[in-house]
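Colleague: Got a minute to walk me through this one? I'd like the short version.
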Amino acid sequence: MSFAWAKQYEPKSSFTKWMDEKLPIPRLVYNAVGAGYPVPRNLNYMWNFGVLAGFCLMLQIVTGVVLAMHYAANTVVAFGTVEHIMRNVNYGWMMRYAHANGASFFFIVIYLHIFRGLFYSSYKAPREMIWLLGVVIFLLLMATAFMGYVLPWGQMSFWGAKVITGLFGAIPLIGEPLQIWLVGGFAPDNAALNRFFSLHFLLPFVTAGVVILHIWALHIPGSSNPTGVEVKKESDTVPFHPYYTAKDGFGLGIFLIIFTAVMFFLPNALGHPDNYVEANPLSTPALIVPEWYFYPFYAILRAFTGDLTIPFTGIVLIEAKLLGVIAMFGSILVWFFLPWLDKSPVRSGHYRPLFNKFFWLGLMPCMGALFYLGGAKPEEPFIVLSQIATAYYFLHFLVILPIISQIEVPKPLPFSITQAVLGDDTPGSSSGGGTHPKPRSAVKDLPGKDSDGSLQPAE
Amino acid sequence: MTIRLAGIIVGLGLTAVLVLWSLVPGLVNFALPEKPDYYAFQEENIAPAGGFAFEGAFGKWDEQQLQRGYQVYKEVCSACHSLEYVAFRNLEQLGYNEAEVRAEAATWNVPGIDPRTGEATTQPAAPTDYFPSPYPNDVAARAANNNAIPPDLSLITKARKDGTHYVYSLLLGYNEPDPKDVAKSPDFETPSGLYFNEYFYNINIAMPPQLYPDLITYADGTEATPEQMSEDVASFLTWTAEPSLVQRKQTGWFVLGFLFFATILAFLSYKQVWAGIKPKKG
């Protein structure tokens with residue numbers, strides 16, 4: 001693991017020496033996020049979001065555990081216990097607003113992290129496993145967030161739960177019994193609320209486990225970088241600590257300023273007013289929508305308005321609802337196949353002119369439209385627009401990406417990260433590793449140096 | 001290669017299903033609109049001149065106004081609307097002292113148990129009691145209100161979009177329907193027992209107009225115009241929905257101040273750490 005020039009942990013005191021022999025946790029931390037992890041020197045601010053996502057997970061677990069001390073998962077009292085937290089628990093309002101807005105900001109961070117990965121093709125070899133684990137984490141987060149939104153047992157909690165659990169009813173034959181079994185009744189009620197609470201408590205820790213795998217998988221090839229050219233030698237990297245701990249510290253500060261500004265001054269702006277009305281199974285809200293971070297997938301779900309029929313016979317092959325469900329789950333599952341759908345050897349979107357155009361003029365406006373349309377009223381022109389956006393979404397990943405990766409002529413890549421950063425890459429032109437210059441040795445090749453896969457202008 | 005080929009086939013297939021069975025019929029419907037016109041409710045609320053004292057990042061409660069709003073709630077709203085999540089002890093936040101809260105609570109009757117017979121009874125409220133509901137249950141509430149349940153008011157300003165202004169607008173919104181809009185919407189009518197109010201999402205609301213000039217006599221001598229009363233009660237209901245609103249904003253400034261300071265330090269240390277190896281562009 002890691003590069004040949006990575007610094008090695010050297011315990012200094014007798015305690016750390018003893019610790020290093022018995023349980024080398026300091027060594028693990030040193031190699032994971034300390035000076036022992038060489039990171040490309042040219043990472044931009046988009047590489048801050050992994051650390052920020054980890055911070056958000058911690059924040060959600062800490063605030064969530066405190067909230068769980070005052071909450072009761074019972075339909076009779078759940079709504080009241082949330083108000084109890086808001087009014088009677090010391091700084092309970094702060095805990096709850098931090099948790100509710102923390103979920104939203106977790107998703108903002110995660111989406112930026114994902115789109116960073118999409119633009120810089122971080123999913124490509126040798127980093128496929130990191131990407132696959134990342135998609136698993138995203139699915140876990142969606143499940144966790146959905147169940148968390150049910151817990152206050154407001155109107156949107158109940159009706160959102162009803163709509164989403166109702167999706168299982170679309171599965172042919174086993175759908176209805178499956179739905180009743182999952183929900184614990186014909187509609188969400190106390191049984192559903194209780195199991196959602198149980199799972200909402202469990203899944204963050206499962207997520208934390210998968211996050212550890214995600215970071216482990218990251219440390220095998222090392223971080224990618226904005227040029228997409230693999231690390232070749234020591235001058236391409238700097239140690240994670242202090243360089244990126246300092247940079248991530250600054251990024252965390254900016255994030256916290258924006259987060260707390262929303263949390264303290266507009267805490268309900270990202271929520272829905274209907275969720276301050278206690279759940280009432282007899283009164284349907286005018287517009288049932290999930291939280292904003294599910295809007296793109298909700299828009300895809302609702303885009304399928306017509307049953308798949310054999311024309312002029314009236315025979316229904318697949319109902320519209322099932323088509324929507326397939327498309328909604330498919331829209332995320334397609335990410336699992338990305339490493340193999342996009343075969344261009346060049347990673348960074350900066351060096352891929354066609355990809356760059358489709359990313360900024362195709363995928364990003366499409367995602368923006370889906371984010372808007374998922375929360376819009378189900379009426380024209382929003383339905384037609386969401387159908388167009390949904391069509392583009394699938395075409396982009398399944399058709400456009402494979403084709404442009406075949407026909408595109410990439411721009412010439414820099415020879416190395418060092419050249420990209422400093423403009424030239426002659427021996428002795430840079431000190432590499434910064435504050436701890438060592439006698440320069442000849443350029444060390446990576447084990448399996450051809451894993452790069454990028455086009456080299458020199459070759 | 002197989003995966004990419006399969007991807008292209010699946011992608012084209014799914015898109016074809018979407019376009020041919022959903023989008024094309026949708027476009028046809030869109031091109032031939034049969035839009036029933038209806039009398040749309042007014043989504044933009046009105047605001048009192050000068051706004052509310054608690055608005056804005058530095059807003060503070062106007063205790064006098066909250067006390068007046070409490071008086072409006074007590075003398076008008078509480079006949080039909082409960083205030084489930086608010087306790088009498090919370091009134092201390094409105095500027096009353098402990099003895100005043102005790103005396104004020106005692107003017108309300110809450111359900112209790114007779115300590116000698118064990119029978120259900122009512123007794124004067126203590127500061128620890130919560131505001132009582134005007135109806136014993138939902139059925140009674142419906143029976144008394146033309147089949148509509150008066151909603152609990154403790155969270156009403158958070159349970160409606162732009163809630164504070166919504167309450168203010170709704171209380172003053174019993175206007176005459178606009179004849180032009182009525183002409184556009186043939187189905188428009190106000191059934192008997194309901195009242196036209198363009199700020200209510202359903203246009204017709206079961207709550208009759210409540211506020212008339214000098215309906216109540218303010219303890220502090222303020223003239224009780226409908227505008228004054230709705231502003232005061234909207235203010236009071238904002239407080240009931242979020243008693244921690246002002247504390248929240250004050251805490252927010254403290255937190256932001258700390259974070260600005262910490263972030264500047266983080267930025268400087270970032271610059272210092274990187275000073276040795278920062279790239280010279282070009």
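Modeller: One term before we start. pLDDT is the predictor's confidence in each residue, on a scale from 0 to 100. You need it because this is a predicted model.

Colleague: OK. What is the mean pLDDT of chain B?
Modeller: The mean is 90 for chain B. In that chain, 96% of the residues reach 70 or more.

Colleague: Which elements of chain B have the lowest and the highest mean pLDDT?
Modeller: The lowest is helix α7 of chain B, residues 179-184, with a mean of 81. The highest is α9(B), at 96.

Colleague: And what does the model score for ipTM and pTM?
Modeller: ipTM is 0.92 and pTM is 0.91.

Colleague: Switching to chain A. How many helices and strands are there?
Modeller: Chain A has 16 helices and four strands.

Colleague: Why call chain A as compact as a globular protein of that length?
Modeller: Its radius of gyration is 25 Å, and the globule rule gives 23 Å for 459 residues. Those two values are close, so chain A is as compact as a globular protein of that length.

Colleague: What does the C-alpha trace of chain A span?
Modeller: About 75 × 65 × 40 Å along the principal axes of chain A.

Colleague: What share of chain A is buried?
Modeller: Buried residues are 46% of the 459 in chain A.

Colleague: And how many of its contacts join residues at least 24 apart?
Modeller: In chain A, 77% of them do, counting contacts between residues at least 6 apart in sequence.

Colleague: Now the interface. How many residues of each chain are in contact?
Modeller: 50 residues of chain B contact 54 residues of chain A.

Colleague: Which elements of chain B give two or more residues to that side?
Modeller: They are α1 (2-31), α5 (156-159) and α9 (245-274) of chain B. α1(B) gives the most, with 19 residues.

Colleague: What is that side of chain B like by class?
Modeller: Where chain B touches chain A, its residues are 31 nonpolar, 13 polar and six charged.

Colleague: Last topic. How is chain B divided into domains?
Modeller: Domain 1 of chain B takes in 31-86 + 138-256. Domain 2 of chain B is 87-130. Their centres, over C-alpha atoms, are separated by 27 Å.

Colleague: How many residues does the contact take from each domain?
Modeller: Seven come from domain 1 of chain B and six from domain 2 of chain B. On the domain 1 side, four are nonpolar, one is polar and two are charged.

Note on methods: Residues are numbered from 1 along each chain as its sequence is written. Chains are lettered from A and ligands numbered from 1 in the order in which they are written. This is a predicted model: local features need pLDDT of at least 70, side-chain atom pairs count only at pLDDT 80 or more; totals for chains, interfaces and linings use all residues. The radius of gyration is taken over C-alpha atoms; the globule rule is 2.2 Å times the number of residues to the power 0.38. A residue is buried if 20 or more other C-beta atoms lie within 10 Å of its own, exposed if 12 or fewer, and partly exposed in between; C-beta atoms are placed from the backbone. Two residues are in contact if their C-beta atoms, placed from the backbone, lie within 7 Å. Ala, Val, Leu, Ile, Met, Phe, Trp, Tyr, Cys and Pro count as nonpolar, Asp, Glu, Lys and Arg as charged, and the others, Gly among them, as polar. Domain bounds come from an automatic or database domain assignment.
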